[in-house]
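Trainee: I have not looked at this one before. Can you walk me through parts of it?

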Amino acid sequence: MASSPSSAEKNWLPLNIGIKVGCFLLLVIPNVVSGADLLFSTQAGANTFFRLTTNGAVTSLGTVTTQNKGLAYVGSTLFSLDRTAAGGAISIRGINPNTGNSDGSTPRTVTMAGGTVTDGFGLASHPQTGILFAIVCQNCGTSGPHSLVTINPANGVASLVGNPGIPFAGLAFNGAGTLYGVSASNAPNGFKNRLYILNQSSAARTFVLSLANTSLSGQPHAIGFHRQTNRMYHFSGASGGTYEEINLSTLQRTPKVFTSGVITGNGMALTARRHQLQVSITGSGTVTSSPSGINCGGDCSENYDD
């Protein structure tokens, strides 16, 4: 078997594998825990897009033209919840995971009954259904509360799920389809900088644990779940800020150290980097994968977190 691809080689994916089989083959997808990849966006004088590994290596992928307020994959497409500038329109669009800028598709302005959507604070896709969930705010700065919504990326229409009652800064699903949210640094005392489970039908929140925080009041947190490591990752603050790994089964938090590179700006959005694996077979038989996802002849492609 060939060795696991390097970080540079991962940029060549999707990966196509042709296999000649006679009966049955189990394809084991390597668990690249030592260098699993996350994509990370920050806001500063210039908005910057990074690749961040779970062992702390940082690579800048360049500046982006909009503020990525949330990042989430649906299949092999990376979506961003965007704002063009402070006070600008909120849109949903596909972006290139190697640059953070547009993939050439048309951005869709996020619209919602009851008022103008003026800000967004996180984006996450359900791992089984692909439905996009987001935290948005209508008429922010006046009386507009934070709302949990679903967004149709084809037209930008947001549908209200409910009001979680406090400001949230980020969203992430675990591999089983449980939705987590991190409360904002400007939430009321006793509620800020906490991890909650959010009900996907009502937005009711259930406390999970308190998180480390190096953000000033009002500055964002970012969370993302990686299915290969089965861990949640959390960042708050700017370069030198908090970066930690969370075991959702034991609720153990493990501080992470930046081993190379520098993060500039305040963390805005975080998600696992993903690639598509495609298998083709010659002859009779079946190819399945571990972790699950491929059962080829019938299902010969799957998206996996790097």
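Mentor: What follows covers two sheets and a few single residues. This is a predicted model, in which local features need pLDDT of at least 70, side-chain atom pairs count only at pLDDT 80 or more, and totals for chains, interfaces and linings use all residues. Residues are numbered from 1 along each chain as its sequence is written, and side-chain values use heavy atoms, with hydrogens and water left out.

Trainee: Which strands are in the open sheet with β14, and in what order?

Mentor: The order is β14-β15-β16-β17, with antiparallel pairing. Strands (E, at least two residues) are DSSP runs, numbered from the N terminus. Two strands pair if DSSP finds at least two bridges between them.

Trainee: Why do β14 and β17 each have one side without a neighbour in the sheet?

Mentor: β14 (168-173) and β17 (205-210) are at the edges and each has a single partner strand, so one side of each has no neighbour in the sheet. On average, neighbouring strands of this sheet are turned by 30 degrees against each other, direction ignored. Axes here are lines fitted to C-alpha atoms, and angles run from 0 to 180 degrees between N-to-C directions.

Trainee: How many bridges join β15 to β16?

Mentor: Three bridges join β15 (residues 179-183) to β16 (residues 194-198). Gly181 has Tyr196 in β16 as its bridge partner.

Trainee: What about the loop between β16 and β17?

Mentor: Ala203 lies there. Its phi is near 75 degrees, a positive value in a residue other than glycine.

Trainee: Is Ala203 buried or exposed?

Mentor: Ala203 is buried, at a relative accessible area of 1%. Buried means under 20%, exposed over 50%, and partly exposed in between (1.4 Å probe, protein chains only).

Trainee: And where is Leu251?

Mentor: Leu251 is in the loop between β20 (242-247) and β21 (252-255). Leu251 has a positive phi, near 65 degrees, and counts as partly exposed at 35% relative accessibility.

Trainee: New topic. What is the strand order in the open sheet with β6?

Mentor: That sheet runs β6-β7-β8-β9, with antiparallel pairing. β6 (67-74) and β9 are its edge strands, each pairing on one side only. Two bridges join β8 (residues 90-95) to β9.

Trainee: Which residue in β9 is the bridge partner of Ser91?

Mentor: Thr109 is that partner. Thr109 is partly exposed, with a relative accessible area of 46%.

Trainee: What is Thr109 in contact with, leaving aside neighbours within four places in sequence?

Mentor: Thr109 is in contact (heavy atoms within 4.5 Å) with Ile90, Ser91, Asn155 and Gly156. Ile90 is 19 residues from Thr109 along the chain, and their C-alpha atoms are separated by 5.9 Å.

Terms used:
Helices (H or I, at least four residues) and strands (E, at least two) are DSSP runs, numbered from the N terminus.
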